[in-house]
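Thanks for making time. I will go through one structure, starting with its strands, then a helix, then the aromatic rings.

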Amino acid sequence: MLTYHIYRPEEGMTEGGKALARMLADESPGKSYADVMRLRVAGALTDACTDTYFLALDGDVCVSRLWNGWGKHKGAIGNFGNFLTLEQYRGQGIGTWLLEEWYADLQARDDKPLALFCTSAPRAARMYEAYGMRPIVKGADYGPSYMPIGDSHDDFEAFCDAYYQPASALTVKPATFAWRHEIDLLLKFALLQRGLPFGFDGMPSLEQALLSAPEKTALLFTDNGRCVGWRYDGTAQIYPSYLGIELS
């Protein structure tokens, strides 16, 4: 018999959380996104991150999952996805239930992020479109996608203009998972849209850097608290409008 669960790691481990942990235990070994998802599910990042999982269980086995999460700070950027239904359970409306529960939960929250981002395959992109998710790359049917929330701009370029406000100086601070989505999603997609590369040689993401070399990793902030770039092993990558601004 199928049962449905919402798991929030900051509220403590539940039977749904345990089933999800078992589902993820051996998934994608060596992949940073899977390693970090296991940390999130275990509750290791609750001080920095707000995470919610929407789950379907058959007995004590997790057969479908959907997640969204963001850092615990004002004006956060959210990540959405990790959506999977085991093949033998597809076509039964389980994923649709999870999406409906996710959307209702999101609308009811008082700590919403500015937007949610994901990277979607064609079928998933069509499902997400009904909830306001749209491709970032103009003319694309899927790929990097964006869902504005609240009074955020519908257009991604306009969203970037509003987020990356002018600054006279940038402050370097230690990197934490609380700001991972500001870099690995918003900054990455903003650079992609401009035809610019993201990441450093040998270090493709902030997520990977935080796992493997946190002591070499830092974040760059404007005076209004916006995270606009990152630094790895002494080299910085920032949103183009801040190039040339002094770091302190």
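**Strands, a helix and ring pairs**

Let me start with strand E3, residues 61-71, which is mostly covered: ten of its eleven residues are buried. Before I go on, please keep in mind that this is a predicted model.

E3 has a partner on either side of it in the sequence, so to speak, and I will take them in order. Strand E2, residues 49-58, pairs with E3 in the antiparallel sense, over ten bridges. If you want one position to look at, Asp-51 has Gly-69 in E3 as its bridge partner. The connection is a hairpin, with two residues between E2 and E3. In that turn, Gly-59 has a positive phi of about 65°.

Now the next strand. E3 and strand E4, residues 77-85, also run antiparallel, and six bridges join them. Here Trp-67 stands opposite Gly-81 in E4. E3 and E4 form a hairpin too, with five residues between them. The turn holds Gly-75, whose phi is positive, about 65°.

On to helix H3, residues 94-108. How far apart should its ends be, at 1.5 Å a residue? For 15 residues the expected span is 21 Å, and the end C-alpha atoms of H3 are 22 Å apart, which agrees. Which residues of H3 are buried? They are Ile-94, Gly-95, Leu-98, Leu-99, Trp-102, Asp-105 and Leu-106. These cover an arc of only 135° around the axis, which puts them on the same side of H3.

Last, the aromatic rings. With ring centres within 6.5 Å as the cut-off, the count comes to 23 aromatic pairs. I will show one of them, Phe-117 with Tyr-146, which is tilted: 5.4 Å centre to centre, with 35° between the planes. Phe-117 sits in strand E5, residues 115-120, and Tyr-146 in strand E7, residues 143-148, so the pair ties together parts that are 29 residues apart in sequence. Are these two residues buried or exposed? Both Phe-117 and Tyr-146 are buried.

The pair also belongs to a cluster linked by ring pairs. Besides Phe-117 and Tyr-146, the cluster takes in Phe-156, Phe-159, Tyr-163, Tyr-164, Phe-189, Tyr-239 and Tyr-242.

One more ring, with a charge this time. Lys-173 lies over the face of Phe-221, at 5.0 Å from the ring centre.

That is what I have for today.

Definitions and conventions:
Residues are numbered from 1 along each chain as its sequence is written. This is a predicted model: local features need pLDDT of at least 70, side-chain atom pairs count only at pLDDT 80 or more; totals for chains, interfaces and linings use all residues. Side-chain values use heavy atoms; hydrogens and water are left out. Buried means under 20% relative accessible area, exposed over 50%, partly exposed in between (1.4 Å probe, protein chains only). Helices (H or I, at least four residues) and strands (E, at least two) are DSSP runs, numbered from the N terminus. Two strands pair if DSSP finds at least two bridges between them. The expected span of a helix is 1.5 Å times one less than its number of residues. The arc is that of the directions from the helix axis to the C-beta atoms. Rings of Phe, Tyr and Trp (its six-membered ring) pair if their centres lie within 6.5 Å; planes under 30 degrees apart count as stacked, over 60 as edge-to-face and the rest as tilted. A charge sits over a ring if NZ of Lys or CZ of Arg is within 6 Å of the ring centre and within 35 degrees of the ring normal.
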